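The report below is written for a reader who is meeting this structure for the first time. It begins with the ligand site and then turns to aromatic rings, selected residues and the backbone.

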Amino acid sequence: MTEYKSYALHNFRDIPQMEYLTEEQKFNIEVVGTVLPFKTNNYVVDELIDWNNFEKNPFFILNFPQKEMLDEASFKSVATVLKRGAPKKEIQDVVRKVRLKLNPNPAGQESNVPVFEGKKLNGIQHKYRETMLFFPTQGQTCHAYCTFCFRWPQFALNEFKFAMKEADKLVQYVKANPHITDVIFTGGDPAVMKTRFFETYFNALLEADIPNLKNIRIGTKSLAYWPYRFTTDNDASDLLRLFKKMKRKGINIALMAHFNHPSELKTDAVKRAVKRLIDAGVQIRSQSPVLKHINAHADIWAENWKLQVRLGIIPYYMFIARDTGAQDYFAVSLNQTWQIFRNAYNQVSGICRTVKGPSMSCNPGKIQVVGVSEIKGEKVFVLNFLQGRDPGWVGKPFFAKYDPNAIWIDDLEPAFGVSNFFFEESYYQMLA
Ligand SMILES: *Cc1c(COP(=O)(O)O)cnc(C)c1O
Ligand code: SF4
């Protein structure tokens, strides 16, 4: 069994490999790590990061806060109070101001929280008709925090924390909404939960015998950052037995695995974990955003998909980096992202082409950049809803003026001199 060692702001200097860093580099981690959540573990440090070239290593950048993730003024304001050894309260005030500049609640997550029998159901988000998100209280943390992650306010700011304790609320909600076929356990990383919590939730769903419930999905980074969760952890075998039982009872278990880079698929530990899950009848699907400094190249994506398929993983989504946190640091333009998608898609055979994207998860829905085209002399982005708050929006291509610098839907305007995108009126009515 591999012992779990967790590192964060208070103890990262104990990581033996910190000897590769200068004092200044360590101080920079401290500054940015005071603003953005920072947590990593011994698997990432020992198995994924190549310390000989750590400054360019994708897992170093994804786990250790980088100076450039804050704008210069913000960095300086935090560095100054830390250097001066200012009182805690003063540091907190400065940090709070910087955080609020970083769009801590993107894509209107608050507006996805349903009201049920007169009460707000914190812990559930229901945006797309067939699919609800469930945030189990015990799964609202992660094995390591990704520096680009839009969930960062949950770790850093308690008031944004979505959580729910009771399994019966979950059951009642799925029962009362016969359109729901999929329950997605999400977080944080629900695979951080002990198996006994999974048992509580899954058994409640089984006992309720809900005819509309077909798929339970688990959105997780654990395969990449702590594969021992499915192999040698104390309750790993219990978890696999539970998955097998669900499958036997007719519920499909899909692990929505988050892989950013092909190197995450190459360790013995991850290969063993994938094999065990697949042997237990679990479907593994993969998703990741395109991130500058990490994977913004078509060859990386092609390798990723090919490796995944060889291991039995189904490529699922390519995302466009969210408009939150260190977005400027990781952002790739819509045009470049589309080129990366296309050039990667062109290199692989049909069995890798289960992937959808590149897609922006924005407030109205998941919007795919189908491509760039020219229509009657006007250069345009062709866009398409893969998911929509209104299912009727899905699959109707629409057009935005081409803009080589656009990185998010907010940067786009409708093409052909039209004043609104087709969905906007009904979308604003929905919000009202
Ligand atoms: C992506 C997402 C889902 C799942 O969508 P699928 O296309 O079915 O994978 C569900 N809810 C929210 C809020 C999402 O962002
Ligand atoms: S594991 Fe997932 S939820 Fe956790 S920090 Fe990374 S992207 Fe965010």
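In this predicted model, a polar atom in the side chain of Lys 366 is found 2.9 Å from an oxygen atom of ligand 1. Two further side chains make polar contacts with oxygen atoms of the ligand, and the table sets the three side by side.

| Side chain | Partner | Distance |
|---|---|---|
| Arg 217 | oxygen atom of ligand 1 | 2.8 Å |
| Lys 366 | oxygen atom of ligand 1 | 2.9 Å |
| Gln 387 | oxygen atom of ligand 1 | 2.9 Å |

On its own, ligand 1 has 380 Å² of accessible area, and the protein covers 86% of it. Two or more residues of the shell around the ligand come from each of the elements β5 (124–128), β6 (131–134) and β11 (314–320). The residues that surround ligand 1 include Lys 127, Tyr 128, Thr 131, Leu 133, Tyr 316 and Tyr 317, and also Ile 184. Sorted by class, this shell is made up of 5 nonpolar, 2 polar and 3 charged residues.

Aromatic rings are the next topic. A pair of aromatic rings is described by how far apart the centres lie and by the angle between the planes. The model has 40 aromatic pairs when ring centres within 6.5 Å are counted. In one of them, the ring centres of Phe 134 and Phe 185 are 5.2 Å apart and the planes meet at 80°, so this pair counts as edge-to-face, the cut-off for that class being over 60 degrees. The pair connects distant parts of the chain, since Phe 134 belongs to strand β6 and Phe 185 to strand β7 (residues 182–185), with their positions 51 residues apart in the numbering. Phe 134 and Phe 185 are both buried. Elsewhere, ring pairs join Phe 385, Trp 393, Phe 398, Phe 421, Phe 422, Phe 423, Tyr 427 and Tyr 428 into a cluster.

Charged side chains also sit over rings. Lys 221 lies over the face of Tyr 225, at a distance of 4.4 Å from the ring centre, and Arg 353 is placed over the face of Tyr 345, with 4.8 Å to the ring centre.

Is Thr 220 buried or exposed? Its relative accessible area is 3%, so Thr 220 counts as buried, the limit being under 20%. Thr 220 is part of strand β8 (residues 215–220), and a polar atom of its side chain lies 2.8 Å from the backbone nitrogen of Ser 222. Asp 410, by contrast, has a relative accessible area of 59% and is therefore exposed; Asp 410 lies in the loop between β15 (398–401) and α15 (424–431). The C-alpha atoms of Asp 410 and Cys 362 are 9.3 Å apart, although 48 residues separate the two along the chain.

The backbone deserves a last look. Most residues other than glycine have a negative phi, and most peptide bonds are trans. The bond from Gly 187 to Gly 188 is cis, with omega near 20°, and Gly 188 is in the loop between β7 and α8 (195–208). Gly 357 and Pro 358 are likewise joined by a cis peptide bond, with omega about -10°, and Pro 358 lies in strand β12 (residues 356–361). Asp 209, which is not a glycine, has a positive phi of about 50°; this residue is in the loop between α8 and β8 and is exposed, at 62% relative accessibility. His 293 also has a positive phi, of about 75°, and is partly exposed at 40% relative accessibility.

Technical notes
Residues are numbered from 1 along each chain as its sequence is written. Chains are lettered from A and ligands numbered from 1 in the order in which they are written. This is a predicted model: local features need pLDDT of at least 70, side-chain atom pairs count only at pLDDT 80 or more; totals for chains, interfaces and linings use all residues. Side-chain values use heavy atoms; hydrogens and water are left out. A residue is near a molecule or strand if one of its heavy atoms lies within 4 Å of it. A polar contact is a pair of N or O atoms within 3.5 Å; within protein, one must be able to donate a hydrogen and the other to accept it, and residues adjacent in sequence count only if both atoms are side-chain atoms. Accessible areas come from the Shrake-Rupley method with a 1.4 Å probe; for residues, only the protein chains shown count as cover. Helices (H or I, at least four residues) and strands (E, at least two) are DSSP runs, numbered from the N terminus. Ala, Val, Leu, Ile, Met, Phe, Trp, Tyr, Cys and Pro count as nonpolar, Asp, Glu, Lys and Arg as charged, and the others, Gly among them, as polar. Rings of Phe, Tyr and Trp (its six-membered ring) pair if their centres lie within 6.5 Å; planes under 30 degrees apart count as stacked, over 60 as edge-to-face and the rest as tilted. Buried means under 20% relative accessible area, exposed over 50%, partly exposed in between (1.4 Å probe, protein chains only). A charge sits over a ring if NZ of Lys or CZ of Arg is within 6 Å of the ring centre and within 35 degrees of the ring normal.
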